[in-house]
Amino acid sequence: MTIRRKLLVASVGQVLVAVLALGAIAVYTLSGMGTRATGLAEEAVINETLATLKLAAAREGERVHALVDRAVGDTLQLAASANLTGYLEALAGENELLVALGHEQANAVVEGLVRACAAQQAGVEKAMLHGLNVARDQLNRMGSVMLSEDKTAWKAVNQFSKETAEVSLPAMRIGQTAIVANADPATPSPLVDDVTALVGGTCTLFQKMNDAGDMLRVATNVINAEGKRAIGTYIPAVNPDGQPNPVVSAVLKGETYKGRAFVVDQYYVTAYEPLKDKDGNLVGMLYVGVRERDNDDLARAITGTKIGTEGYPFVMDSRGVVVVHPKDSLVGKNVIDDLKLEAFKPVLENRNDTCQIINYVFEGRKKFIVYKHFAPWDWIICASGYWDDLSRGHARTMAVMLEAELKSLHASACEEIGGKEYHHYAQIRYLDAKGMEVFKLVDGQVSGDLQSRADAEWFKAAMQAPQGTARIAPVELSTNTGRPELRIAAPVYLNEQCKGVVTLNVDWEVTRALLAGSVYGKTGYPYIVNDQGVLVTHPKYTLADNVNLTAEKYGELAAITRDRMLKG
């Protein structure tokens, strides 16, 4: 080989070595970058998932805590009930002056009825506020409200005067979803049907019609007398009497209206919230409402109650029209115009939120009316009786009113989940100081199967508890119903002495329904264990199955449950 050829071969070799070395370095570098990128992506996914699950766990926990917190509040309220206090005073013979004069008995009857009404109203208002939060959340998830350039023609009907007007309005959109006119209840409407499916009640989207502020229903699940969705009806800014409509007035000021309102053809407990586009312009309003509860139980309690042996409670509205009365023939009559009871004029003229009394003579006997105005329903709740008849039956009267209050509490603590109604309280009871059940509701019905719980540790603990406090027992299978229940017990005091215990047993299956709609990923789900690691809420198991996650057969999950979950 010549020197020239040797030099040429050596040069080519050096180049090849360099190229191979650089290639190897590049391949190694790219491989390392790929590995690091994959690791970073996986870490990001894990962190995002953990953050999501933490928020989810907190949210589910808040839902369960809200259920328990309400039950504690209801238990303490029942322990301080005027009806229960009046019943205990009658038993103790500490109201001789009441029996002699009659004022306190009639006041107690009226106050008990007002409390029963208020319990129903509070339950409806709570359901309404919950519905508003859900509606707002669902709307925000869908996107911003906007008005498109396309027009929709409407035959707008004033819900009060029934006057009609032809209007053409920009079509409303929420995010990518167009709001189209749909009067068919069988055809889904966006947002409004989603909200009702989650929390019940009714929901409506209103669009501002004009500068005056008339509000047109463009999507709703409020059904009219024809069985159709009440779209095309509107709430005028000015009522037929010339006064500003309170709902529209509040919304035009940027405020949320909450209260009783006439919706299409009947009264609801409602909330109307301003609806604005992304630029802050008022384009309509968002409504949720819950129809006022059926008052049949309350009416039966009223007509079945006596003041003494001859007196009775009844209800009329602010115009003097009788709403509830033991004599059906008087319902619908006006006490002034029809019944000619001029003595009732002060009742109609002096409505307020404290008990008032008037005395008069009827058919030669001295008679009285104790009354109080319950503004949310425009009811004047009255207790009428004879002064010579009030030495009997006070304890019985208070017992009836207490039972009515217990029924109202059971009825108001109710919510719709997945199209089914769930009552929170499986049992509501009062036990005397000896541990004997005196008043007992099971699934909303009065039970005559009264048992002694004198030996139960929870009863002994509640009897020793300070006034105004409650004791919460673990979730356990009830001896009365055989179902998983959470018992909350509070002592009942009269004149600084403990006279017994009230208990509310939360139907723990409600938590199963509450959490059933939550799914994480494709198969993930929430569940609850007690402080022993036993499943108390789970899609598959109940407390009766006695599944303890600390059992060794559950392997790593048992260690996690024992060493981390149960330690907080």
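**Exercise 1. In this predicted model, find which element supplies the largest share of the lining of the largest pocket.**

Solution. Step one is the pocket itself: the largest pocket holds about 1600 Å³ of space. Step two is its lining, which is made up of 50 residues. H130, V134, L198, V199 and E415 are the ones that lie nearest the centre of the pocket. Step three is to list the elements that each give at least two residues to this lining: α1, α4, α5 (192-199), β9 (282-291), α7 (296-303), α9, β15 (414-417) and α11. The last step picks out α4, which provides the largest share of the lining with 13 residues.

**Exercise 2. State the order of the strands in the five-stranded open sheet, and explain why one side of β11 and of β12 has no neighbour there.**

Solution. Start with the order, which runs β11-β10-β14-β13-β12, with antiparallel pairing. Next, look at the two ends: β11 (322-324) and β12 (356-362) are the edge strands, and each has a single partner strand, so one side of each is left without a neighbour in the sheet. Averaged over the sheet and ignoring direction, neighbouring strands are turned by 35° against each other.

Now take one pair in detail. β12 joins β13 (residues 365-374) in the antiparallel sense through seven bridges. For V361, the bridge partner in β13 is K366.

The final step adds a helix. α4 (residues 103-142) packs on the sheet and touches β10 (312-317), β12, β13 and β14 (379-386). Between the directions of α4 and β13 the angle is about 25°. Recall that α4 also gives 13 residues to the lining of the largest pocket.

**Exercise 3. Identify the residues with the most contacts inside the largest nonpolar core, and the element that gives this core its largest share.**

Solution. The core has 40 residues, and L78, Y425, I428, V502, V506 and W508 have the most contacts inside it. Elements that each supply at least two of its residues are α1 (3-79), α2 (82-92), α9 (394-412), β17 (425-432), β18 (437-442), β22 (484-494), β23 (497-507) and α11 (509-516). Of the core residues, six come from α1, which is the largest share.

Y425 serves as an example. Setting aside residues up to four places away in sequence, Y425 touches R70, A71, D74, L409, H410, A413, L504, N505, V506 and D507. A second core, separate from this one, has 32 residues, among them A135, L139, M172 and C203.

**Exercise 4. Locate the largest cavity by its lining residues.**

Solution. The search of the whole structure gives one cavity of 30 Å³ or more. The space in the largest cavity is about 40 Å³. Its lining consists of T152, W154, L169, P170, A171, M172, I179, Q207 and V218. Two elements, β1 (145-158) and β2 (164-174), give two or more residues each. The largest share, four residues, belongs to β2. M172 appears both in this lining and in the second core.

**Exercise 5. Is A212 buried, partly exposed or exposed, and what does it contact?**

Solution. First place the residue: A212 sits in the loop between β4 (202-208) and β5 (215-220). Its relative accessible area is 48%, so A212 counts as partly exposed, since the exposed class begins over 50%. Then check its contacts: apart from neighbours within four places in sequence, A212 is in contact with A237 and L252. Finally, compare sequence with space for A212 and V238, which are 26 residues apart along the chain and 8.7 Å apart from C-alpha to C-alpha.

Note on methods. Residues numbered from 1 in each chain as written. Predicted model: local features only at pLDDT ≥ 70, side-chain atom pairs only at ≥ 80, totals over all residues. Heavy atoms only, no water. Pairing = 2+ DSSP bridges. Axes fitted to C-alpha atoms, helices over the stretch in contact; angles between N-to-C directions. Contact = heavy atoms within 4.5 Å. Core = buried A, V, L, I, M, F, W, Y, C linked by side-chain atoms within 4.5 Å. Buried < 20%, exposed > 50% of the residue type's maximum accessible area, 1.4 Å probe, protein only. 1 Å grid on protein atoms, 1.4 Å probe; cavity = no way out; pocket = protein on both sides within 12 Å on 5 of 7 lines; lining within 4 Å. Points joined across faces, edges and corners; volume = space filled by probe spheres on them.
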